[in-house]
Amino acid sequence: MAMSIEANVAAKPSRKSQLRRLLGGEAALGLALSSPVVVLMLALVFVPFVVTLWESFHRVNPMLPGTPFVGIKNYVQMFKDGQVHSAWINTWIYVILAVVIEILGGLGAALLLNKVKTGRRWLLAAVILPWALPPVVNAIIWSWIYNPHYGLLNGLLLKTGLIEQSHVWLNDRATALFLIVLVHVWRMMPLNAVIILAALQTIPNELYEAAKVDGASPLRTFRMITLPLIGGAFGIALTQSTITAFNLFDEAWILTGSSAATRPIQSQIYMTAFQNLNFSYGMAMSITVMLVSIIVSALYVRRVYRATRYD
């Protein structure tokens with residue numbers, strides 16, 4: 001008994017010394033270097049989120065006096081608002097199409113770039129250029145391409161004989177939804193390609209050589225070697241594609257304006273908050289969009305992690 005007490009007493013200084021060592025040296029340097037980022041994240045993300053969440057439970061309208069507490073009234077109103085329903089339907093169409101095309105296109109582009117040995121640096125610079133463009137500039141360029149009078153799309157199709165007269169492409173809802181998605185994909189897919197390419201370049205060539213010796217087909221090699229080893233990058237690409245698709249605004253607003261046929265939820269939030277001056281209702285919608293995008297992204301990452309991890 002006495003020996004155990006002495007052992008515990010002797011262990012206490014060692015624990016204190018371990019804690020002292022943990023907080024000193026490299027650990028202290030790491031905390032010091034990361035603290036500005038933590039402070040910025042708290043100031044620019046967490047605090048605005050808390051304020052927005054709190055204000056969404058009030059009535060915030062500069063045209064009405066006071067900001068009374070209304071509870072979940074703004075959230076309940078969303079389930080009864082037909083315009084919000086239509087905007088959510090359009091948003092889910094954008095998300096599904098954009099994520100599928102961006103991931104498959106980014107994966108294909110990354111696999112092709114990974115095979116290139118000469119001039120890859122310049123090719124990567126050209127590939128990443130659309131992503132480097134501001135979304136407004138990107139949308140304006142594509143609005144010129146889609147223009148029914150002088151647009152490049154009509155010009156090419158007329159010259160090739162695929163159409164006999166110019167089309168107003170953004171007049172049809174289904175066509176307009178797809179063309180808006182295409183503009184968004186053209187801007188965001190290069191980022192997915194670079195993310196996946198970075199993961200592909202970390203895979204040792206010895207694994208592919210061993211698979212070739214064993215007689216594995218290219219499809220089996222991709223499924224058993226490539227896909228599991230790029231699972232982390234795949235999850236990152238899925239997450240960023242989903243979040244940016246939920247936040248799609250510039251392309252839809254510039255190409256079709258406030259049209260209800262193609263209006264995403266972000267456009268609905270903008271109109272509600274800054275045109276109708278119903279700030280609290282817009283805040284409630286923005287909180288809902290954030291939660292939905294986080295939940296969907298988390299499901300993606302978890303599913304990809306399970307499907308590509310081999311213990």
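The accessible surface of the protein adds up to about 19,000 Å² (Shrake-Rupley method, 1.4 Å probe), and 69% of that belongs to carbon and sulfur atoms. Of the 311 residues, 33% count as buried (under 20% relative accessible area, 1.4 Å probe, protein chains only). The model is a predicted one, so to speak of local features takes a pLDDT of at least 70, side-chain atom pairs count only at pLDDT 80 or more, and totals for chains, interfaces and linings use all residues. Residues are numbered from 1 along each chain as its sequence is written, and side-chain values use heavy atoms, with hydrogens and water left out.

As for the fold, there are 14 helices and zero strands (DSSP runs: H or I of at least four residues for helices, E of at least two for strands, numbered from the N terminus). Among contacts (heavy atoms within 4.5 Å) between residues at least 6 apart in sequence, 69% join residues at least 24 apart.

One helix pair can be followed in detail. The axes of helix 4 (residues 82-115) and helix 8 (residues 173-200), lines fitted to C-alpha atoms over the stretch in contact, come within 6 Å and cross at roughly 40 degrees, on a scale from 0 to 180 degrees between N-to-C directions. The residues of this contact split into 23 nonpolar, six polar and two charged.

Then there is Leu277, in the loop between helix 13 (265-275) and helix 14 (279-308). Leu277 is not a glycine, yet has a positive phi of about 60 degrees. Most residues other than glycine have a negative phi. Leu277 is partly exposed (from 20% to 50%), with a relative accessible area of 25%.

Methods. Ala, Val, Leu, Ile, Met, Phe, Trp, Tyr, Cys and Pro count as nonpolar, Asp, Glu, Lys and Arg as charged, and the others, Gly among them, as polar.
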